[in-house]
Amino acid sequence: PPPARRPAPVAPPSAGSRARSVSNPAQPPSFPAARPPPSRPSARPMSTLSAHQAPEKTSPQRNRRISLRRKKEPSADVTHTTSHSSEPVHPTDELGILNRMVVQCVGFLNQEKCLNEEGLFRVPGDMTEINKIRSKFVRGVEVNLSKVNDPNTVAGLLKLHYRELRFSIVPRGEPVKGLIAAAKANDVDQAREAMMKVPEENTSSLKILLELLWKVAENSDVNKMTSLNIGQTVGMAIFHDMGSSNAATVLRFLIEHRLEVFP
């Protein structure tokens, strides 16, 4: 067999290395410095990305198709008009009797359940519902007032209509002065003479309203609305040019003497 190899002789440590290990025995071994990780490119913020994105381009033909499609789509809460009620009506039309909103409101309030409503024309209705119903009348949409639960809402709609007329039912000048004087003197003949100077359409509108208010006053034992209370709460909405006190006096007089003033 081959002879076994002898280990190579190890040279004894030098004096200098022995001195360094003795003088600093706790010195940790030194390692090569670690390299930093490779840098990655920073992502641009979202605002920068969106700023550099090109806006979506739409052709004029596509825009026109979208516009036509929107016009054809009916609103969710709109019922289209029928053939007998296709003409839109604006609530500030001074010819109130020709306004189907007035006719429908008066017809609704002539019901017994409405005439028995305590504080009718005095208790305010729901303004959100009032504006919603009026908006439908303005757009010519068919309105079914029988679905309204609160008579005060319909009464408030009627008051709002007369309050926002561009002109008072009784024109300024001699008709107003004549009615005020007749009401204060309780003179039916003078009131009839003053009303002869009022346009026929305005007179018809006032007659249909007075008939309703007379029924409300006749039922005052239940609804607590006497002709005096009605005059104070509705007078200024009807007669714009008389002042609150005179308007209340004139309306009360006309309610109590409507058949004599309007034979």
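**A walk through an all-helix model**

At 28% relative accessibility, Asp 150 counts as partly exposed, because that value falls between the 20% under which a residue is buried and the 50% over which it is exposed. The model in which this residue sits is a predicted one.

Asp 150 belongs to the loop that links helix 6 and helix 7. Its side chain reaches the backbone nitrogen of Asn 152, at 3.1 Å. Farther off along the chain is Glu 117, 33 residues from Asp 150 in sequence. In space, the C-alpha atoms of Asp 150 and Glu 117 are 9.2 Å apart.

From this loop, the view can widen to the whole protein. Its secondary structure consists of 14 helices and zero strands, so that the order of elements from the N terminus is α-α-α-α-α-α-α-α-α-α-α-α-α-α. The protein has 263 residues, and 35% of them count as buried. About 17500 Å² is exposed, with carbon and sulfur atoms supplying 54% of that area. Taking contacts between residues at least 6 apart in sequence, 74% join residues at least 24 apart.

Helix 4, residues 100–109, shows what burial looks like in one element. It is mostly covered, with seven of its 10 residues buried. These are Arg 100, Met 101, Val 102, Cys 105, Val 106, Phe 108 and Leu 109. In an α-helix there are 3.6 residues a turn, so residues three or four places apart point the same way. The cover over the buried residues of helix 4 includes helix 5 (112–115), helix 6 (127–138), helix 7 (151–163) and helix 10 (200–218). Helix 6 and helix 7 are also the elements on either side of the loop that holds Asp 150.

Leu 109 leads on to the largest nonpolar core, which has 56 residues. Within this core, Leu 109, Phe 121, Leu 158 and Phe 239 touch the most other members. Helix 10 gives the most to the core, with seven residues. What does Phe 239 touch, not counting residues up to four places away in sequence? Its partners are Ser 168, Val 170, Leu 206, Ala 247, Val 250, Leu 251 and Leu 254.

Aromatic rings come last. A search of the whole structure finds zero aromatic pairs, which means that no two rings of Phe, Tyr or Trp have centres within 6.5 Å. One ring does have a charged partner: Arg 258 lies over the face of Trp 214, at 4.6 Å from the ring centre.

Conventions
Residues numbered from 1 in each chain as written. Predicted model: local features only at pLDDT ≥ 70, side-chain atom pairs only at ≥ 80, totals over all residues. Heavy atoms only, no water. Phe/Tyr/Trp six-rings, centres within 6.5 Å; stacked < 30°, edge-to-face > 60°. Lys NZ or Arg CZ within 6 Å of the ring centre and 35° of its normal. Helix = DSSP H or I, 4+ residues; strand = E, 2+ residues; numbered from the N terminus. Buried < 20%, exposed > 50% of the residue type's maximum accessible area, 1.4 Å probe, protein only. Contact = heavy atoms within 4.5 Å. Areas by Shrake-Rupley, 256 points an atom, 1.4 Å probe, with all protein chains shown as cover. Polar contact = N/O pair within 3.5 Å; in protein donor to acceptor, adjacent residues only side chain to side chain. Core = buried A, V, L, I, M, F, W, Y, C linked by side-chain atoms within 4.5 Å.
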